[in-house]
Amino acid sequence: MKRSQKGITIVSLVITIIILLIIGGTTVYIGTSVIKQATLQTVNTNMMLIQAKTKTIAEQAKFNNNQDNYKGTVLSEVSGNKKIDELLEVGVIDDASKFYLLSKDDLVSMGLEKIDIEDGYIVNYETEEVIYVRGYENDGITYHKLTDMKNVVVK
């Protein structure tokens, strides 16, 4: 007398598990890529908003022939900030007297209260360059300037 066996075989169970692992791995990879892309977009958007406000302030200063309305602290007056010292050392910032470190209060006074300050943003009112102190890392390279980040491709 043979017994009839019903149910799933070990082979079909292993195949099902392998397929689920492949789907799970693909989902994690795609999810990580989407998160990196969203982070880059957020940083770029914040920096473009700061750049637009910087341009407005610079134009008002030129029109009034008065730089007193520049927001931030001149970098040459900032001391003890390790990340800023590194940016000066590697040449991301060439002349500390032309760059201004923005604080949260500066962003609020510029109408940009929703931007997260994190490690800070640095602006040059003459060139309208915006620098993200923390930087955005992609493939082992850290980007600080908005002009560099616009060309980053997330992998």
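## Helix α1 and the strands around β3

In this predicted model, residue L101 has I122 of strand β3 as its bridge partner. I122 also stands opposite I131, a residue of strand β4.

**The strands**

Strand β3, which covers residues 121-124, is joined to strand β2 (residues 100-102) by three bridges, and β2 and β3 run antiparallel. With strand β4, which takes in residues 129-138, β3 pairs over four bridges, again in the antiparallel sense. The hairpin that β3 and β4 make has four residues between its strands, and within this hairpin E128 takes a positive phi near 60°.

Both faces of β3 are covered, since Y121 and V123 on one side are buried, as are I122 and N124 on the other. N124, which belongs to strand β3, has a relative accessibility of 4% and therefore counts as buried, the limit being under 20%. Leaving aside residues up to four places away in sequence, N124 touches T54, K98, F99 and E129.

**The helix**

One of these contacts of N124, T54, is among the buried residues of α1, which also include L40, V43, N44, N46, M47, I50, I57, A58 and A61. The buried residues of α1 pack against β2, β3, β4 and β5 (141-145), and also against the helices α3 (104-109) and α4 (146-149).

Helix α1 runs over residues 10-64. Its 55 residues, at 1.5 Å a residue, should span 81 Å, and the C-alpha atoms at the ends of α1 are indeed 81 Å apart, so the expected and computed values agree. After α1 comes N65, whose phi is positive, near 50°.

Two further residues of α1 are I22 and A38. A38 and I10 are separated by 28 residues in sequence, and their C-alpha atoms lie 42 Å apart in space.

**Accessibility compared**

The table sets out three residues with their elements and relative accessible areas.

| Residue | Element | Relative accessible area | Class |
|---|---|---|---|
| I22 | α1 | 55% | exposed |
| A38 | α1 | 42% | partly exposed |
| N124 | β3 | 4% | buried |

I22 is exposed because its relative accessible area of 55% lies over the 50% limit, whereas A38, at 42%, counts as partly exposed.

**A nonpolar surface patch**

I22 is also part of a nonpolar patch on the surface, which it forms together with I8, I10, V11, L13, V14, I15, I17, I18, I19, L21 and I23. Together, the residues of this patch have about 1200 Å² of accessible area.

Technical notes:
Residues numbered from 1 in each chain as written. Predicted model: local features only at pLDDT ≥ 70, side-chain atom pairs only at ≥ 80, totals over all residues. Heavy atoms only, no water. Patch = residues over 30% accessible without salt bridge, like charges linked within 9 Å, V, L, I, M, F, W, Y side chains within 5 Å. Areas by Shrake-Rupley, 256 points an atom, 1.4 Å probe, with all protein chains shown as cover. Salt bridge = Lys/Arg side-chain N within 4 Å of Asp/Glu carboxyl O. Helix = DSSP H or I, 4+ residues; strand = E, 2+ residues; numbered from the N terminus. Buried < 20%, exposed > 50% of the residue type's maximum accessible area, 1.4 Å probe, protein only. Pairing = 2+ DSSP bridges. Contact = heavy atoms within 4.5 Å. Expected span 1.5 Å × (residues − 1).
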